[in-house]
Amino acid sequence: MASMQAMVLDAPRTPLVMCERPVPVPGVDEILVAVAACGVCRTDLHVVDGELEHPRLPIVPGHEIVGRVAATGVGVSGFAIGERVGVPWLGATCGTCPYCRGGAENLCDTPVFTGFTRDGGYATHTVADARFAFPLAGNADPAEQAPLLCAGLIGWRSYRMAGVGRALGLYGFGAAAHILAQVATWQGRRVYAFTRGGDKAAQDFARSLGAVWAGGAEETPPEPLDAAIIFAPVGALVPTALRAVKKGGRVVCGGIHMSDIPSFPYRILWEERQVVSVANLTRADAHEFLAIAPKAGLRIEVVRYSLSQANEALADLREGRLQGAAVLIP
Ligand SMILES: [Zn+2]
Ligand SMILES: [Zn+2]
């Protein structure tokens, strides 16, 4: 029987372990994907570090998957063997709960999440629900496409939620912000990038991708912001960002997990400022963003690791040593 390799999390706060397994057979509505690249997302770090409730263990993390369809199960339509495919975080939804029926499948009551409640892409092969996977056009480097599948998609959903204001702050300049800064600049917005204080390399990086200003998170931007998106998992940035947005401005929390938000005076929320969060993605978000991304001329900065280096990649992300996005190449 053909075998595959996967990096497996057996228990939170333990290193992933390389495992040899039989190549899975796709079931009804499923495709087998030969993984070409899988991005390393901060959410993976939260899974590995035990900061999210109810992972399925053992689990193969990874939800920014680019690969080729290697086999199709019964009922699959729209995918041919050998076709390039992207697999995101939203692995499946029930289709019948009030959220699914109301156009908010990202909030489904019984969702399946890739690399969290079903095995993901830190592997040579993975199985995905074809109805939640996306054909990827073109011949771009799979490593440079992988970060679009979550950093790009969640960034895009956060961006849409931030509204149409022209002055946009991005707090935390990691994989998502480095993509979104380019999209926003391409759309004529002014991007203000906030990094850890003194992180000159990250600030230079942000300016090189179109940010009109870059500075430390505690600095006051040269103009009041229409909106801010927080990608760093740091709750203290919520009051910081509220102080930076103008009347009616919105602060969008783009991550799945954040440290506690400290108390803050009501006056920084008053005047119809809003704090909102973004959860997951819908397939409509993905179709919209994956159509826009190729037009925006994005320069995706990736740091490549072999599959067996997944623990190193996670450590580099945890310690803030990365510029751009970490990607595993099996
Ligand atoms: Zn549902
Ligand atoms: Zn993610």
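Select D204 and R207 in this predicted model, and you will find a salt bridge between the two side chains, whose closest N and O atoms are 2.9 Å apart. Both residues belong to helix 6, which spans residues 200–208, and they sit three residues apart, about one turn of the helix. If you colour by accessibility, D204 is partly exposed because its relative accessible area is 32%, and R207, with 37%, is likewise to be read as partly exposed.

**Salt bridges between distant parts of the chain**

Side chains of opposite charge can pair when their charged atoms come close. The count for this model comes to 18 salt bridges, and a few of them are worth visiting one at a time.

Move next to E288 and R160, whose side chains meet in a salt bridge with an N to O distance of 2.3 Å. This pair links distant parts of the chain, for E288 lies in helix 8 (residues 283–292) and R160 in helix 4 (residues 151–161), with 128 residues of separation. Is each partner buried, partly exposed or exposed? E288 has a relative accessible area of 30% and is therefore partly exposed, while R160 counts as partly exposed at 48% relative accessibility.

Now select R190 together with E223, where the side chains form another salt bridge, at 2.6 Å from N to O. Here too distant parts of the chain are linked: R190 is in strand 11 (residues 190–195), whereas E223 is in the loop between strand 12 (213–216) and strand 13 (225–230), and the two are 33 residues apart. R190 is partly exposed, its relative accessible area being 34%, whereas E223, with a relative accessible area of 19%, is buried, because buried means under 20%.

For a group rather than a pair, display R21, R56 and D119 together, since these residues are linked in a network of salt bridges.

**The zinc ion, ligand 1**

Centre the view on ligand 1, a zinc ion, and show the side chains of C94, C97, C100 and C108, each of which coordinates the ion through its SG atom, at 2.3 to 2.4 Å. Along the chain these donors follow the spacing C-x2-C-x2-C-x7-C. Why is the arrangement tetrahedral? The angles subtended by the four donor atoms around this zinc ion run from 103 to 121 degrees, and four donors count as tetrahedral if all angles lie between 85 and 135 degrees. Of the donor residues, C94 counts as partly exposed, at 29% relative accessibility, while C100 is buried, with a relative accessible area of 14%.

**The zinc ion, ligand 2**

Continue to ligand 2, also a zinc ion, and select C41, H63 and C150, which coordinate the ion through SG, NE2 and SG respectively, at 2.0 to 2.2 Å. Their spacing in sequence is C-x21-H-x86-C. C41 and C150 link distant parts of the chain, 109 residues apart, with C41 in the loop between strand 3 (30–40) and helix 1 (42–48), and C150 in the loop between helix 3 (142–145) and helix 4. Both of these cysteines are buried, C41 with a relative accessible area of 12% and C150 with one of 6%.

**Empty space inside and at the surface**

Rolling a probe the size of a water molecule over the atoms shows where empty space is left.

How many cavities of 30 Å³ or more are there? There is one, and the volume of this largest cavity is about 50 Å³. To find the largest cavity, select V87, T114, V127, A128 and D129, which lie nearest its centre among the 13 residues that line it. Strand 6 (90–92) and strand 8 (125–129) are the elements that give two or more residues to the lining, and strand 8 contributes the largest share, four residues. By residue class, the lining of the largest cavity divides into seven nonpolar, three polar and three charged.

As a last stop, turn to the second largest pocket, which has a volume of about 340 Å³. Select A140, Q145, L148, A293 and P294, the closest to the centre of this pocket among its 17 lining residues. Colouring the lining of the second largest pocket by class will show eleven nonpolar residues, four polar ones and two charged ones.

Technical notes: Residues numbered from 1 in each chain as written. Chains lettered and ligands numbered in written order. Predicted model: local features only at pLDDT ≥ 70, side-chain atom pairs only at ≥ 80, totals over all residues. Heavy atoms only, no water. Donors = N, O, S within 2.8 Å, 3.2 Å for Na, K, Ca; no water. Tetrahedral: all angles 85-135°; square planar, octahedral: opposite > 155°, others 65-115°. Buried < 20%, exposed > 50% of the residue type's maximum accessible area, 1.4 Å probe, protein only. 1 Å grid on protein atoms, 1.4 Å probe; cavity = no way out; pocket = protein on both sides within 12 Å on 5 of 7 lines; lining within 4 Å. Points joined across faces, edges and corners; volume = space filled by probe spheres on them. Nonpolar A, V, L, I, M, F, W, Y, C, P; charged D, E, K, R; others polar. Salt bridge = Lys/Arg side-chain N within 4 Å of Asp/Glu carboxyl O.
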